[in-house]
Amino acid sequence: MNFFSRLKEGLSKTRSQIAAIVGLKTEFDEQFYESLEEALVAADIGLGLSQSIIDRLRQEIRSRGLKTSADAFGALKKLLVADLTFASPAIAPAKPWVVLVVGVNGVGKTTTIGKIAASFAAQGKKVMLGAGDTFRAGAIEQLRIWADRTGSDFVGQHEGADAASVAFDALEAARNRNVDVLMLDTAGRLHNKVNLMNELDKIIRVIRRHTPLAPHEILLVIDATTGQNALRQAEVFHRAIGLTGLVITKLDGTARGGIALALAGELKIPIRKIGVGEGLDDLQDFVPHDYVEAMFGDLGKS
Ligand SMILES: Nc1nc2c(ncn2[C@@H]2O[C@H](COP(=O)(O)OP(=O)(O)OP(=O)(O)O)[C@@H](O)[C@H]2O)c(=O)[nH]1
Ligand SMILES: [Mg+2]
């Protein structure tokens with residue numbers, strides 16, 4: 001199955017939920033806009049963003065004199081793609097390229113690191129994984145297995161070690177061994193635990209003292225099935241440490257694929273990758289147009 005079909009399959013529940021609520025409305029009356037807004041909210045796009053999208057859609061339909069539901073859905077999709085698209089700042093390539101991966105417990109951080117490592121390795125890059133989750137029993141071993149599976153180098157200490165010290169060791173080793181990409185795992189933490197958030201801040205300070213422009217990417221991993229609380233999580237992480245990108249996992253089998261729109265649209269942070277399954281190949285680049293097509297592609301064709 002190609003990537004787009006897998007994404008479509010992942011978002012099929014979202015799509016059919018939207019279809020069921022919107023039905024086959026052909027007139028753009030109040031009820032059309034209300035059902036559509038209800039469908040967006042039900043798909044986890046969030047109330048604020050849904051209202052703003054509906055307002056803009058209403059204007060588009062009026063000002064362009066759109067008549068058919070196919071045209072209306074076309075306009076809706078364009079608005080959504082625009083909300084999800086960010087100009088990427090020019091970042092000078094660095095070696096090692098350092099990626100720090102953060103997020104609450106169990107969202108898929110370590111698995112995502114394994115999947116990204118596999119894709120870098122497939123491009124011929126030398127990858128290293130750093131075991132910055134020194135908290136959960138078994139976390140270091142779990143990352144080591146991913147390193148073996150993907151042919152990546154591995155740097156870790158022991159359970160209970162200082163995560164910032166692991167990061168420092170990994171940076172040193174990455175430099176000495178001519179590594180292209182260093183990915184650092186971290187322990188899952190609840191965003192409302194201040195001391196754990198401070199620990200992330202410490203990790204970042206230690207990294208910067210070693211390599212001033214690193215980490216080049218700070219990725220927050222979000223579980224799509226979390227619902228609107230994901231937005232709150234992301235806001236707290238962003239305020240505390242400044243995120244550069246998002247990864248949304250577990251989009252397979254959720255009826256709430258709109259969370260991606262809510263996150264990127266409200267926080268103005270690009271989504272880098274999306275997870276649509278547990279396998280090595282189940283991580284894709286996030287392409288706004290494809291994502292929106294997968295959510296709404298079959299609607300409005302009448
Ligand atoms: N269905 C599905 N499962 C996923 C996806 N990504 C990760 N998982 C599963 O989610 C579970 C947790 O993944 P981990 O990578 O261990 O999560 P984590 O964030 O590192 O967890 P902690 O280290 O405990 O905080 C595993 O069973 C993964 O296989 C995805 O895109 N889809
Ligand atoms: Mg983990």
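**Note on the predicted model**

1. Across the whole structure, a search finds three aromatic pairs. In one of them, the ring centres of phenylalanine 28 and phenylalanine 32 are 5.0 Å apart with planes at 55 degrees, so this pair is tilted. In another, phenylalanine 286 and tyrosine 291 have ring centres 5.1 Å apart and planes at 55 degrees, so the pair is likewise classed as tilted. The structure under review is a predicted model, and the remarks below should be read accordingly.

2. The surroundings of these rings deserve a comment. Phe28 and Phe32 belong, together with Tyr33, to one aromatic cluster. Phenylalanine 32 counts as buried because its relative accessibility is 1%, under the 20% limit for that class. In the pair formed with tyrosine 291, phenylalanine 286 is buried with a relative accessible area of 10%. Tyrosine 291 is also buried, its relative accessible area being 1%.

3. As to the overall architecture, the protein contains 12 helices and eight strands. Its C-alpha trace spans about 65 × 40 × 35 Å along the principal axes. The radius of gyration is 21 Å, which agrees with the value near 19 Å for a compact globule of 302 residues.

4. Turning to packing and surface, buried residues account for 53% of the 302 residues. Of the contacts between residues at least 6 apart in sequence, 74% join residues at least 24 apart. The accessible surface comes to about 13,400 Å², and carbon and sulfur atoms contribute 51% of that area.

5. Regarding charge, the protein carries 36 positive and 36 negative charges, and the mean positions of these two sets are 3 Å apart.

6. Two cis peptide bonds should be brought to the reader's attention. One joins lysine 95 to proline 96, with omega about -5 degrees. Proline 96 sits in the loop that runs between helix 5 (69–84) and strand 1 (97–102). The other leads from alanine 214 to proline 215, where omega is near -10 degrees. Proline 215 is placed in the loop between helix 9 (194–210) and strand 5 (217–223).

7. Positive phi angles at residues that are not glycine also merit inspection. Asparagine 178 has a phi of about 60 degrees, and this residue is located in the loop between helix 8 (163–176) and strand 4 (181–186). Lysine 250 likewise has a positive phi of about 60 degrees. Lysine 250 belongs to the loop between strand 6 (245–249) and helix 11 (259–267), and at 33% relative accessibility this lysine counts as partly exposed.

8. Where does glycine 227 lie? Glycine 227 is found in the loop between strand 5 and helix 10 (229–241). With a relative accessibility of 2%, glycine 227 counts as buried. Leaving aside residues up to four places away in sequence, glycine 227 touches Asp44, Arg256 and Ile259. Glycine 227 and isoleucine 45 are separated by 182 residues in sequence, while their C-alpha atoms are 9.3 Å apart in space.

Key:
Residues numbered from 1 in each chain as written. Chains lettered and ligands numbered in written order. Predicted model: local features only at pLDDT ≥ 70, side-chain atom pairs only at ≥ 80, totals over all residues. Heavy atoms only, no water. Helix = DSSP H or I, 4+ residues; strand = E, 2+ residues; numbered from the N terminus. Rg over C-alpha atoms; globule rule 2.2 N^0.38 Å. Buried < 20%, exposed > 50% of the residue type's maximum accessible area, 1.4 Å probe, protein only. Contact = heavy atoms within 4.5 Å. Areas by Shrake-Rupley, 256 points an atom, 1.4 Å probe, with all protein chains shown as cover. Lys, Arg positive; Asp, Glu negative; His and termini not counted. Charge placed at Lys NZ, Arg CZ, Asp CG, Glu CD. Phe/Tyr/Trp six-rings, centres within 6.5 Å; stacked < 30°, edge-to-face > 60°.
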